[in-house]
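Work through the exercises below with the sequence and the model side by side, and try each task before reading its solution.

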Amino acid sequence: MDWLSFLKIMAMEEHAARAKYQLAMDLAEDEKLKEFFERLRDEEEFHAQFLEGEYEKLKKKLAEAG
């Protein structure tokens with residue numbers, strides 16, 4: 001597997017984790033638990049965005065080298 005594919009898969013996994021935390025947040029009845037899942041959801045969104053940015057940087061670097 002190449003590194004671009006690896007980063008793309010990892011970003012997809014972060015988006016999937018975000019969706020799961022959103023579901024948990026939606027289903028939780030306790031406000032503190034909702035806040036907990038919301039924080040985890042937001043962290044996964046940050047991770048996904050970070051990985052997508054790194055993907056674009058690597059893609060550009062590889063295009064310039066190739």
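The exercises that follow concern a predicted model, and each task is paired with a worked solution.

**Exercise 1. Overall form**

Determine how many helices and strands the chain has, and decide whether the chain is more spread out than a compact globule or not.

*Solution.* Begin with the secondary structure, which comes to 2 helices and 0 strands. Next, set the radius of gyration of the chain, 15 Å, against the 11 Å that the globule rule gives for 66 residues; the former is well over the latter, so the chain is more spread out than a compact globule. The box filled by the C-alpha atoms along the principal axes, roughly 55 × 15 × 10 Å, completes the description of the form. Finally, buried residues account for 24% of the 66 residues.

**Exercise 2. Contact between distant parts of the sequence**

Find which residue forms a salt bridge with Arg18, and explain why the pair ties together separate parts of the chain.

*Solution.* The search of the whole structure gives 4 salt bridges. In one of them Arg18 is paired with Glu45, with 3.0 Å between the closest N and O atoms. Because Arg18 lies in helix H1 and Glu45 in helix H2, this pair ties together parts that are 27 residues apart in sequence. As for accessibility, Arg18 is partly exposed at 26%, and Glu45 is likewise partly exposed, at 23%. A further pair to inspect is Leu62 and Leu4, which are 58 residues apart along the chain and have their C-alpha atoms separated by 9.5 Å; Leu62 lies in helix H2.

**Exercise 3. Salt bridges and accessibility**

Classify Arg41 as buried, partly exposed or exposed, and do the corresponding analysis for the salt bridge between Glu54 and Lys57.

*Solution.* Arg41 has a relative accessibility of 11%, and therefore counts as buried, since buried means under 20%. Its salt-bridge partner Asp42, with the closest N and O atoms 2.8 Å apart, is partly exposed at 39%. In the pair Glu54 and Lys57, the closest N and O atoms are 3.1 Å apart, and the two residues, being 3 residues apart in helix H2, are separated by about one helical turn. Glu54 is partly exposed at 26%, whereas Lys57 is exposed at 55%. Elsewhere, salt bridges that share partners join Glu38, Arg41 and Asp42 into one network.

**Exercise 4. Surface patches**

Identify which residues form the nonpolar patch and which form the negative one.

*Solution.* The nonpolar surface patch consists of Met1, Trp3, Phe6 and Ile9, with about 490 Å² of accessible area together; Ile9 belongs to helix H1 (residues 3-27). The negative patch is made up of Glu29, Asp30, Glu31 and Glu35, and Asp30 sits in the loop between H1 and helix H2 (31-65).

Conventions:
Residues numbered from 1 in each chain as written. Predicted model: local features only at pLDDT ≥ 70, side-chain atom pairs only at ≥ 80, totals over all residues. Heavy atoms only, no water. Patch = residues over 30% accessible without salt bridge, like charges linked within 9 Å, V, L, I, M, F, W, Y side chains within 5 Å. Areas by Shrake-Rupley, 256 points an atom, 1.4 Å probe, with all protein chains shown as cover. Salt bridge = Lys/Arg side-chain N within 4 Å of Asp/Glu carboxyl O. Helix = DSSP H or I, 4+ residues; strand = E, 2+ residues; numbered from the N terminus. Lys, Arg positive; Asp, Glu negative; His and termini not counted. Charge placed at Lys NZ, Arg CZ, Asp CG, Glu CD. Rg over C-alpha atoms; globule rule 2.2 N^0.38 Å. Buried < 20%, exposed > 50% of the residue type's maximum accessible area, 1.4 Å probe, protein only.
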